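Trainee: I would like to go through this structure with you, beginning with how its helices pack. Could we look at it together?

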Amino acid sequence: MTTTAETYQSALERVCAETIAPNAGRVDRDGAFPTESIQALAAAGLLGALSSEASGGLDLGLQGAALIVHRVAEDCGSTAMVLTMHYSGVAILEKHGPKEVRSAAASGAHLSTLAFSESGSRSHFWAPVSTATELDGMVRLDARKSWITSASHATSYVWSSRPLAADGASTIWLVPASSPGLAIAGPFEGLGLRANDSSPVSAVNVQVPPSAMLGGDGQGFDIMMSIVLPVFAVLNAACSNGLMAGAIRRTVEHVTKTRHSDTGAALADLPTIRAYIARMRVKADLSEALLSDTMAAIAASREDAMLRVLECKAAAGETANEVLDLAMRVCGGAAFRKEVGVERLFRDARAAGVMAPTTDVLYEFLGKAVCGMPLF
């Protein structure tokens with residue numbers, strides 16, 4: 001069946017139940033890219049959630065993409081992060097990319113990702129130190145990218161560098177992942193999101209045509225702030241919220257089915273257990289409400305939209321850690337076993353706080369915004 005804007009949620013549920021959930025434990029254990037899950041999402045047309053109808057996509061907008069990331073994260077945080085980076089790259093491609101690439105991304109034939117974070121600029125992703133120079137009618141790119149999600153599996157990277165010739169902080173490029181001169185340091189061996197293939201990538205004399213520039217020379221900062229930051233922050237928050245939802249579901253299942261052999265009482269019969277679960281639900285709902293308001297603010301171009309964008313990622317990341325801490329506490333010793341599924345989400349939730357812009361950087365931005373100070 002062809003997936004449409006009216007049927008994508010049922011297609012999503014099918015993919016999650018048949019492919020993503022059954023593979024989540026294995027890809028986490030092995031640190032293996034969730035190839036089957038991404039292929040299933042592509043086959044269902046769901047990689048085209050943010051792609052326009054003109055490109056052949058579902059044109060679901062940010063709210064639809066957030067719903068997909070949230071639902072996928074309930075079962076597999078790594079797959080949700082791959083999706084988050086793909087959608088973030090597609091958001092730029094839809095504005096500035098060539099038609100054939102936009103169409104391929106919409107169909108699922110082209111997996112995109114961002115290549116912004118660098119060893120030199122750290123969490124200040126908007127200020128790259130990598131370079132772009134003219135070379136015999138081509139553009140030479142040299143860089144040390146610190147983390148690129150889907151590094152070994154993406155079709156291309158949406159890449160940042162210093163401007164070629166213009167003033168400004170950065171310029172954006174479309175760089176095929178197969179370009180000579182690229183070297184991937186992988187495989188990724190991390191605490192959480194173990195299957196998202198996030199690895200350092202170096203570029204030495206990587207050559208692309210001038211037409212690979214996305215937007216104007218020196219306009220990268222504006223593109224990052226107006227396109228990438230809202231999409232990435234919202235989808236990152238949706239991922240954190242999905243991890244919380246998955247943890248609550250698994251925790252409730254555990255405490256309702258686990259019983260004391262001497263009394264026959266379920267763990268859920270204990271008031272203290274129910275109180276902990278209530279706290280988890282309240283915290284998760286608060287984060288969901290903030291994310292919903294953030295998307296409403298973006299859609300309405302409200303004056304507080306950027307404030308909400310900064311808040312939603314910071315709040316969701318911090319709250320996910322709190323909720324997953326409670327899930328581990330409620331499930332007790334069983335939480336340390338793989339079959340309950342809580343400890344994987346516990347590890348995955350830790351990543352949001354250190355993904356640029358990190359939670360501490362966001363708090364710095366928020367503090368400046370509240371005090372009426374310029375952010376940069």
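**Helix packing and overall form**

Mentor: Let us begin with one helix pair in this predicted model: Leu62, Gln63, Ala66 and His70 of α3 are in contact with Glu288, Met295 and Ile298 of α7.

Trainee: How do the residues of that contact of α3 with α7 divide into nonpolar, polar and charged?

Mentor: In the contact of α3 with α7, 4 residues are nonpolar, 2 are polar and 1 is charged.

Trainee: And at what angle do α3 and α7 pack?

Mentor: Helix α3 (residues 61-75) packs against helix α7 (residues 271-299) at about 155°, and their axes are 10 Å apart. Because the angle is over 145 degrees, α3 is roughly antiparallel to α7.

Trainee: Is the crossing of α3 and α7 left-handed or right-handed?

Mentor: The crossing of α3 and α7 is right-handed.

Trainee: Moving on, how do α6 and α8 cross?

Mentor: The axes of helix α6 (residues 220-257) and α8 cross at roughly 20° and come within 8 Å. That angle makes α6 roughly parallel to α8, and their crossing is left-handed.

Trainee: Which kinds of residue form the contact of α6 with α8?

Mentor: The contact of α6 with α8 divides into 23 nonpolar, 7 polar and 1 charged.

Trainee: What about α8 and α10?

Mentor: Helix α8 (residues 305-331) and helix α10 (residues 359-370) have axes that come within 9 Å and cross at roughly 140°. This makes α8 oblique to α10. The crossing of α8 and α10 is left-handed.

Trainee: Which residues make that contact?

Mentor: From α8, the contact uses Leu307, Leu310, Glu311, Lys313, Ala314 and Glu318. From α10, Thr359, Leu362, Tyr363, Phe365, Leu366 and Ala369 take part. Of the residues in this contact of α8 with α10, 8 are nonpolar, 1 is polar and 3 are charged.

Trainee: Changing topic, how many helices and strands are there in the chain?

Mentor: The chain contains 10 helices and 8 strands.

Trainee: What does the radius of gyration say about the chain?

Mentor: The radius of gyration of the chain is 21 Å, which agrees with the value near 21 Å for a compact globule with 376 residues. Along its principal axes, the C-alpha trace spans about 80 × 50 × 40 Å.

Trainee: What share of the residues count as buried?

Mentor: Of the 376 residues, 56% count as buried.

Trainee: And how much of the contact count comes from residues 24 or more positions apart?

Mentor: Among contacts in the chain with a separation of 6 or more, 71% are between residues 24 or more positions apart.

Note on methods: Residues are numbered from 1 along each chain as its sequence is written. This is a predicted model: local features need pLDDT of at least 70, side-chain atom pairs count only at pLDDT 80 or more; totals for chains, interfaces and linings use all residues. Side-chain values use heavy atoms; hydrogens and water are left out. Axes are lines fitted to C-alpha atoms, for helices over the stretch in contact, and angles run from 0 to 180 degrees between N-to-C directions. Helices (H or I, at least four residues) and strands (E, at least two) are DSSP runs, numbered from the N terminus. Angles under 35 degrees count as roughly parallel, over 145 as roughly antiparallel, 65 to 115 as roughly perpendicular and the rest as oblique. A crossing is left-handed if the near helix is turned anticlockwise from the far one by less than a right angle, and right-handed if clockwise. Contact means heavy atoms within 4.5 Å. Ala, Val, Leu, Ile, Met, Phe, Trp, Tyr, Cys and Pro count as nonpolar, Asp, Glu, Lys and Arg as charged, and the others, Gly among them, as polar. The radius of gyration is taken over C-alpha atoms; the globule rule is 2.2 Å times the number of residues to the power 0.38. Buried means under 20% relative accessible area, exposed over 50%, partly exposed in between (1.4 Å probe, protein chains only).
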